[in-house]
Amino acid sequence: GGGALGDVVAGADRVHFVQGSATAPPEALRSLGSFDVALSGWGTTSAIPDLRPGEGRQARFLAELCRRAPRLLNVVSSENNFLGPQARFRELRRRRAAAVGEDAARLDAELRLATSEGHFYYEVNGEDYFYSAVSPRVEAARLRAAGFRFVEVRACNVASFRDLLASPRLARLEHAVLKLVDGNQHLRLQLLLTRLAEKAARRRFARVALLFDPDRTLVDQCARYLCSYASR
């Protein structure tokens, strides 16, 4: 499903763009040959569904990319993104597990391909788009299972890309926040956000509740998208 869109050559470097179908088999990548680096861009892996419940097609694509290239950059949606649709489809799967007969058929029609954990649909301009969410822990584990030895999962963004593109001020703040998130600096991030809130409120706060769980990484708690670097 799909094929090369074309090459861009810059000096000795060649970038090969490939477009494919989300329902194509992972083995379709084999016709592309080998590369030095593979990039699965913003949400591409996240948009690959299981055609049968629990078959793990995203993991199979990652394993095939590992065979095609020794290094991978993978940008995926985290569990902090699209919280409403995630909750809705999580509840649909819970109800489907106990349903029979007509109720089961109705829930199957609502779920469509969102049968696996973290899978859901969200609406854009009246159209439903399949998507999925993954935690940093699961992302790292599946990249290692795919054959990569070194894996690093960082925060790609905290604010939405649309807001970041519209506001240079927010983009500067995002840069500072990402440094603290990737550095897992819980208290320093809380201090920064508290100072910003005090500035907006034009007063100092007497007390501030703990914002982040110290037993969980900030990437896990804050990142909207994850940016994974992997090599074998």
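This passage walks through a predicted model of a single chain, from its overall make-up to its cores, helix pairs and a few individual residues.

At the level of the whole chain, the model has 8 helices and 8 strands. Its C-alpha trace spans about 60 × 60 × 35 Å along the principal axes. Of the 232 residues, 37% are buried. Sequence-distant pairs feature heavily in the contact map: taking contacts between residues at least 6 apart in sequence, 63% link residues at least 24 apart.

What sits in the middle of all this? The largest nonpolar core contains 31 residues, and Leu72, Leu143, Phe148, Val151, Val181, Leu189 and Leu226 are the ones with the most contacts inside it. Two or more residues each come from α1 (57-68), β4, α4 (136-146), β7 (150-157), α6 (168-182), α8 (218-222) and β8 (225-231). Helix α1 is the top contributor to this core, giving 5 residues. There is also a second, separate core of 16 residues, with Ala99, Tyr121, Ala133 and Tyr225 among its members. As a general point, nonpolar side chains in soluble globular proteins tend to be buried together.

Leu143 is a handy way into the main core. Beyond its sequence neighbours up to four places away, leucine 143 touches Leu62, Leu72, Phe148, Val151, Ser228 and Ala230. Leu143 belongs to the buried set of α4, alongside Pro136, Glu139, Ala140, Arg142 and Ala146. Note that this set takes in Glu139 and Arg142 as well as nonpolar residues such as Leu143. The partners of the buried α4 residues are spread over α1, β4, β7, α8 and β8. Just after the helix comes glycine 147, with a positive phi near 120°.

One of those partners, α1, meets α4 in a well-defined helix pair. The two axes come within 8 Å and cross at roughly 50°, which makes α1 oblique to α4. The crossing is right-handed. On the α1 side the contact involves Gln58, Leu62, Ala63 and Cys66, and on the α4 side Arg142, Leu143 and Ala146. In general, an α-helix has 3.6 residues a turn, so residues three or four places apart point the same way.

A second helix pair, α2 with α3 (residues 101-111), looks rather different in its numbers. Here the packing angle is about 155° and the axes are 10 Å apart, so α2 and α3 run roughly antiparallel to each other. This crossing is left-handed. From α2, the residues in contact are Arg88, Phe89, Leu92, Arg93, Arg95 and Arg96. They meet Ala104, Arg106, Leu107, Asp108, Glu110 and Leu111 of α3.

Several loop residues are worth a closer look, starting with serine 78. This residue lies in the loop between β4 (71-77) and α2 (83-98). Is it buried or exposed? With a relative accessible area of 2%, serine 78 is buried, because the cut-off for that class is under 20%. Its side chain reaches the backbone oxygen of alanine 223 at 2.5 Å. Leaving out residues up to four places away in sequence, serine 78 touches Gln86, Ala133, Val134, Ala223, Arg224, Tyr225 and Leu226. Two of these contacts also appear in the second core, namely Ala133 and Tyr225, while Leu226 is listed for the largest one.

Leucine 51, in the loop between β3 (37-40) and α1, is a leucine in another setting. At 38% relative accessibility, leucine 51 counts as partly exposed. Apart from neighbours within four places in sequence, its contacts are Thr23, Arg57 and Leu113. The C-alpha atom of leucine 51 is 43 Å from that of leucine 193, which lies 142 residues away along the chain.

Finally, two loop residues stand out for their backbone angles. Most residues other than glycine have a negative phi. Asparagine 125, in the loop between β5 (119-124) and β6 (127-132), is not a glycine yet has a positive phi of about 50°. At 78% relative accessibility, asparagine 125 counts as exposed. Arginine 202, in the loop between α7 (186-201) and α8, also has a positive phi, near 60°. Arginine 202 counts as exposed too, at 79% relative accessibility.

Technical notes: Residues numbered from 1 in each chain as written. Predicted model: local features only at pLDDT ≥ 70, side-chain atom pairs only at ≥ 80, totals over all residues. Heavy atoms only, no water. Helix = DSSP H or I, 4+ residues; strand = E, 2+ residues; numbered from the N terminus. Buried < 20%, exposed > 50% of the residue type's maximum accessible area, 1.4 Å probe, protein only. Polar contact = N/O pair within 3.5 Å; in protein donor to acceptor, adjacent residues only side chain to side chain. Contact = heavy atoms within 4.5 Å. Core = buried A, V, L, I, M, F, W, Y, C linked by side-chain atoms within 4.5 Å. Axes fitted to C-alpha atoms, helices over the stretch in contact; angles between N-to-C directions. Parallel < 35°, antiparallel > 145°, perpendicular 65-115°, else oblique. Left-handed = near helix turned anticlockwise from the far one by under 90°.
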